[in-house]
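Me: I would like to go through this model with you and ask, term by term, what stands behind each description.

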Amino acid sequence: MTDLLAKIRESVAELDLDQTLEHVREALERGVDVVDLIEKGLAEGMRIVGEKYESGEYFIADLIVSAEIFNKALSILKPKLEEMRKQVKPLGTVVIGTVYGDIHDIGKNLVATMLRISGFEVVDLGVDVPPEKFVESVKKHNADIVGISTLLTSTMTHIRDVVEALKKAGLRDRVKVIVGGAPLTEEIAKELGADAYGENAVKAVEICKKLLGKA
Ligand code: B12
């Protein structure tokens with residue numbers, strides 16, 4: 001099983017679509033835990049892609065290919081994820097989005113997926129989301145939690161704008177704010193006015209449950 005996860009990681013890192021899909025299908029057939037498959041296989045592979053980009057081995061075009069591979073692999077898992085979602089009891093509503101100025105969505109989508117299969121109703125606002133859209137959605141869906149993603153250092157501080165907008169709308173006491181994304185830490189999250197920081201999708205679920213007293 002660990003072997004298969006390593007193969008998935010490597011094929012994503014090597015930008016090999018066919019191999020990735022083949023290994024993911026095999027992992028599903030062999031009953032590999034889907035959460036492991038995503039976190040330790042696909043997401044870990046993306047992290048290696050990021051390192052290769054940083055070291056100059058890969059270029060932007062390669063990042064785009066990696067995102068396509070990730071999304072195609074995830075689509076194979078959809079039926080299994082849907083099945084898992086049906087077996088859990090409702091926990092609360094999360095409005096999630098990538099903050100304005102940032103178009104990265106793979107990590108955010110992963111968090112949304114994990115929250116859904118754990119029992120949360122998730123309203124996904126997409127990418128480049130302005131503060132007022134978060135506010136509007138919290139009101140409309142009577143959300144319990146706001147999840148904000150940011151992958152860029154330059155957009156990290158936009159989280160504060162969302163928190164301020166929630167305050168201004170009188171909603172801050174009613175909703176918990178959880179944030180995540182590569183440039184963040186627990187400390188930065190607190191400084192920006194969030195209640196919590198989740199370093200990955202598995203942690204995000206744990207923390208959201210805790211925030212609502214359902215852990
Ligand atoms: C793929 C990718 C892209 C793709 C995105 C495709 C897509 N649909 O998302 C494309 C090619 C479009 C892209 C564009 C750019 N990118 Co880019 N990209 C990446 C890359 C390689 C991988 C990101 C990823 O998907 N990781 C896999 C996922 C699973 O991990 P994750 O996103 O970290 O998410 C996990 C956690 O962070 C957490 N999490 C994430 N969100 C949330 C939310 C909540 C609420 C919680 C609790 C947790 C949580 O849980 C997730 C699951 O475990 C990273 C490198 C890296 N190391 O991250 C660079 C990276 C983020 N990109 C970078 C840059 C600079 C850019 C560009 C500015 C490049 C350019 N010159 O144009 C543009 C940005 C455009 C914009 N305005 O947004 C830099 C950012 C540097 C910085 N610190 O600011 C990075 C770090 C690369 C680098 N080292 O230089 N990129």
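Reply: Gladly; the C-alpha centres of domain 1 and domain 2 lie 24 Å apart, and it should be said at the outset that this is a predicted model. Domain 1 covers 2-86 and domain 2 covers 92-211.

Me: What makes domain 1 and domain 2 count as being in contact, and how many residues of each take part?

Reply: Two residues are in contact if their C-beta atoms, placed from the backbone, lie within 7 Å, and 10 residues of domain 1 meet that condition with eight residues of domain 2. On the domain 1 side, helix H3 (34-54) and helix H4 (60-86) are the elements that give two or more residues to this contact. The touching residues of domain 1 divide into eight nonpolar and two charged, with no polar ones.

Me: Why is the protein chain called as compact as a globular protein of its length?

Reply: The globule rule gives 17 Å for 215 residues, and the radius of gyration of the protein chain is 17 Å, close to that value, so the chain is as compact as a globular protein of that length. Its C-alpha atoms fill a box of roughly 50 × 45 × 25 Å along the principal axes, and the chain has nine helices and five strands.

Me: How do you know which strands are the edge strands of the sheet?

Reply: The five strands form an open sheet in the order S2-S1-S3-S4-S5, with parallel pairing. Strand S2 (120-124) and strand S5 (196-197) each pair on one side only, and they are the edge strands. Within the sheet, strand S3 (residues 145-149) and strand S4 (residues 176-180) pair over five bridges in the parallel sense; valine 146 has valine 177 of S4 as its bridge partner, and glycine 147 stands opposite isoleucine 178.

Me: Why is S4 called largely enclosed by the rest of the structure?

Reply: A residue is buried if 20 or more other C-beta atoms lie within 10 Å of its own, and five of the five residues of S4 are buried, so the strand is largely enclosed by the rest of the structure. Both faces are covered, with Lys176, Ile178 and Gly180 buried on one side and Val177 and Val179 buried on the other. Helix H9 (residues 201-211) lies across strand S1 (92-98), S2, S3, S4 and S5, and runs at about 170 degrees to S4.

Me: What makes glutamate 51 buried or exposed?

Reply: The cut-off for exposed is 12 or fewer other C-beta atoms within 10 Å, and glutamate 51 has 12, so it is exposed. Glutamate 51 is found in helix H3, and its C-alpha lies 9.5 Å from that of alanine 13, although the two are 38 residues apart in sequence.

Me: Why does aspartate 128 count as partly exposed, and why does asparagine 142 count as exposed?

Reply: Partly exposed is the class between the 12 or fewer of exposed and the 20 or more of buried; aspartate 128 has 16 C-beta neighbours inside 10 Å and therefore falls in it. Asparagine 142 has 11 such neighbours, and so counts as exposed. Aspartate 128 sits in the loop between S2 and helix H6 (131-141), whereas asparagine 142 is found in the loop between H6 and S3.

Me: What is phi at aspartate 128, and what is it at asparagine 142?

Reply: Most residues other than glycine have a negative phi. Aspartate 128 has a positive value near 55 degrees, and asparagine 142, also not a glycine, has a positive phi of about 50 degrees.

Note on methods:
Residues are numbered from 1 along each chain as its sequence is written. This is a predicted model: local features need pLDDT of at least 70, side-chain atom pairs count only at pLDDT 80 or more; totals for chains, interfaces and linings use all residues. Domain bounds come from an automatic or database domain assignment. Helices (H or I, at least four residues) and strands (E, at least two) are DSSP runs, numbered from the N terminus. Ala, Val, Leu, Ile, Met, Phe, Trp, Tyr, Cys and Pro count as nonpolar, Asp, Glu, Lys and Arg as charged, and the others, Gly among them, as polar. The radius of gyration is taken over C-alpha atoms; the globule rule is 2.2 Å times the number of residues to the power 0.38. Two strands pair if DSSP finds at least two bridges between them. Axes are lines fitted to C-alpha atoms, for helices over the stretch in contact, and angles run from 0 to 180 degrees between N-to-C directions.
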